[in-house]
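Student: I would like a close look at one part of this model. Please take the open sheet and what packs on it, then go on to the salt bridges.

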Amino acid sequence: MQKNDIYVIYGANPIQMVKELLNNAQIEREINPSMKIVLKPNLVVAKPSKEGATTTPEIVEGIIQYLFEHNLKKVSIIEGSWIGDKTTKAFKVCGYEEISQKYNIPLIDLQRDGYITVNKGGETLKICKNALEADYFINIPVLKAHCQTRFTCALKNLKGCIPNSEKRRYHALGLHKPIALLAKNLKVDLTIVDALNGDLTFEEGGNPVQMDRIILGKDPVLTDTYCASLIGYSKEDIKYIELAEQLQVGSTALENANIIELNANIKNSTSFKPSRQAVKLALKITAEDACSACYGGLIHALNRLDEEGKLERITENIYIGQGYKEKVMQGLGIGSCTSKCSSFLKGCPPKAIDIVNFLRENLS
Ligand code: SF4
């Protein structure tokens, strides 16, 4: 697998999806049986993944199955939840205790781990030992919004690998710079993003938006740049992504990325059930047989316009879904299915950042 490759798979069966991603990227070639492999999900809070904050346990289970099938068995799951929750509680509530027992894999609570002091990039940081001493580090973040940094995914998920005292200090430092520096000091070999149903507005969940995909990348900066675009942000919107690039952690050059969609023409439309905040946004949409991957991107895009105070300036009908194929409609179409609308955005599914730009061009 090349550093600029990004693999994407759509669907609703996480175990099978993640195994297919790993197989296609031939990750087993990078690891040998003597290597200590750590899996770092996002268990920031003790809430089940369906609420949009934490990593879907089936994704981690699929990774373990894949590793075991290739005789790669020195695996552990590491995490340090946020200061307001105990990691042990999160392991239990989020379904990781079951995985640990089923596969005989240790759960390592980084809130109770020792630390090592590092200083690449000009600032002294403390990083938990079990994270830093891994031979192969697989980061498994959730793609979701964040109330302070707007977006959280690969780079920010590493914040679970520092002692609680450092978490407080990072907030005092404004988050962006220490997050970029942390990525400079903590080598990640692979990122597998849970983009099944991350939260619309907050890192702690409550407003999940179905996006029905898992993404695999080697370069965490490139992966974050791509994932930010899926919820309507450009790299300029997320300061720590650009800072990480300046520190040579990776590249933001999405134009050079090799995006490999394993099943681009997804046809598994599901009925999207918007939760709380998304209900207001869903009122703007006329949908018929829309795939969740498409619809979720539109919800994120409308939320960006709402944040900009422009939502009410969309006065034309917005159509989305397979039900509009070949139908001639007056209004704005989202996705290739709506190509007969008077104005439409191609893509199957289109990225939220492209939807944002398309809608901005069509404000009244
Ligand atoms: S363009 Fe149509 S087929 Fe493609 S993701 Fe959107 S709704 Fe589904």
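Tutor: What follows describes the sheet, the helix on it, and then the charged pairs, in a model that is predicted.

The open sheet has 4 strands in the order β13-β14-β15-β16, and their pairing is parallel. At the edges stand β13 and β16 (341-345), each with a single partner strand, so one side of each has no neighbour in the sheet. On average, neighbouring strands here are turned by 30 degrees against each other, direction ignored. As for the pair at the start of that order, β13 and β14 are joined in the parallel sense over 3 bridges. Within this part of the sheet, Ala 287 stands opposite Ile 320 in β14. Helix α13 packs on the sheet and touches β14, β15 (329-334) and β16. The direction of α13 makes about 150 degrees with that of β15.

Helix α13 also takes part in a salt bridge. The side chain of Arg 360 meets that of Glu 308 at 2.5 Å, N to O. Arg 360 lies in α13 (residues 352-361) and Glu 308 in the loop between α12 and β14, so this pair ties together parts that are 52 residues apart in sequence. Both ends are partly exposed: Glu 308 has a relative accessible area of 33%, and Arg 360 one of 34%.

The loop between α12 (292-307) and β14 (318-320) holds a further partner, Glu 312. Its side chain forms a salt bridge with that of Lys 284 at 3.5 Å, N to O. Lys 284 sits in the loop between α11 (277-282) and β13 (285-287), so the pair links parts 28 residues apart in sequence. Glu 312 counts as exposed, because its relative accessibility of 59% is over the 50% cut-off.

Other charged pairs can be set beside these. Asp 237 and Arg 150 meet through their side chains in a salt bridge of 3.8 Å, N to O. Asp 237 is in the loop between α9 (220-230) and α10 (239-246), and Arg 150 is in strand β9 (residues 150-152), so the pair connects parts that are 87 residues apart in sequence. Asp 237 is partly exposed at 28% relative accessible area, and Arg 150 is partly exposed as well, at 40%. Elsewhere, salt bridges with shared partners join Glu 123, Glu 166, Arg 169 and Lys 177 into one network. The count for the model comes to 18 salt bridges.

Definitions and conventions:
Residues are numbered from 1 along each chain as its sequence is written. This is a predicted model: local features need pLDDT of at least 70, side-chain atom pairs count only at pLDDT 80 or more; totals for chains, interfaces and linings use all residues. Side-chain values use heavy atoms; hydrogens and water are left out. A salt bridge is a side-chain nitrogen of Lys or Arg within 4 Å of a carboxyl oxygen of Asp or Glu. Helices (H or I, at least four residues) and strands (E, at least two) are DSSP runs, numbered from the N terminus. Buried means under 20% relative accessible area, exposed over 50%, partly exposed in between (1.4 Å probe, protein chains only). Two strands pair if DSSP finds at least two bridges between them. Axes are lines fitted to C-alpha atoms, for helices over the stretch in contact, and angles run from 0 to 180 degrees between N-to-C directions. Contact means heavy atoms within 4.5 Å.
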